[in-house]
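Thanks, everyone. I will keep this short and go through one structure, starting with its pocket.

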Amino acid sequence: MAIERLDLATTLGIAVYGAFFITMFARPSFGGSLYDRNGYVPFKPPFGPEKWRWDVNATAFTVLVVILLAGLAAI
């Protein structure tokens, strides 16, 4: 029973984070950006094209996905 609950939580997390990253990589098709021009100053990510700029959301979601995958691997 506990494993099924962990699987459900993992599936929901993957759905949320997956939607974020799909949108992040599809943003050239609809003219989106990774940061709010009036918000925090974005920074260059450690990988990707020179024109990419990240904000705190992209960084936090990347860290949280790593934690989620580590938890999934521990099940």
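The residues lining the largest pocket split into 4 nonpolar, 3 polar and 4 charged. Before going on, please note that this is a predicted model.

The volume of that largest pocket comes to about 210 Å³. Its lining is made up of R27, P28, G31, G32, S33, L34, Y35, R37, K51, W52 and R53.

I will take one lining residue in detail. R27 belongs to helix α1, which covers residues 2–30. Is R27 buried or exposed? R27 counts as buried because its relative accessibility is 9%, and the cut-off for buried is under 20%.

What does R27 touch, once neighbours within four places in sequence are left aside? The contacts of R27 are then G32, S33, L34 and W52. Each of those four names also appears in the pocket lining. There is a polar partner as well: a polar atom of the R27 side chain sits 2.5 Å from the backbone oxygen of M24.

Now a residue from another helix. A73 is placed in helix α2, residues 56–74. With a relative accessibility of 65%, A73 counts as exposed, because the cut-off for exposed is over 50%.

How far apart are A73 and W52 in space, C-alpha to C-alpha? The distance is 31 Å, with their positions 21 residues apart in sequence. W52, to recall, is one of the residues in the pocket lining and is in contact with R27.

That is all I have on this one.

Note on methods:
Residues are numbered from 1 along each chain as its sequence is written. This is a predicted model: local features need pLDDT of at least 70, side-chain atom pairs count only at pLDDT 80 or more; totals for chains, interfaces and linings use all residues. Side-chain values use heavy atoms; hydrogens and water are left out. On a 1 Å grid over the protein atoms alone, a cavity is a set of points where a 1.4 Å probe fits but cannot get out, and a pocket is an open set with protein on both sides within 12 Å along at least five of seven lines; lining residues have an atom within 4 Å of a point. Grid points are joined across faces, edges and corners, and a volume is the space filled by probe spheres set on the points. Ala, Val, Leu, Ile, Met, Phe, Trp, Tyr, Cys and Pro count as nonpolar, Asp, Glu, Lys and Arg as charged, and the others, Gly among them, as polar. Helices (H or I, at least four residues) and strands (E, at least two) are DSSP runs, numbered from the N terminus. Buried means under 20% relative accessible area, exposed over 50%, partly exposed in between (1.4 Å probe, protein chains only). A polar contact is a pair of N or O atoms within 3.5 Å; within protein, one must be able to donate a hydrogen and the other to accept it, and residues adjacent in sequence count only if both atoms are side-chain atoms. Contact means heavy atoms within 4.5 Å.
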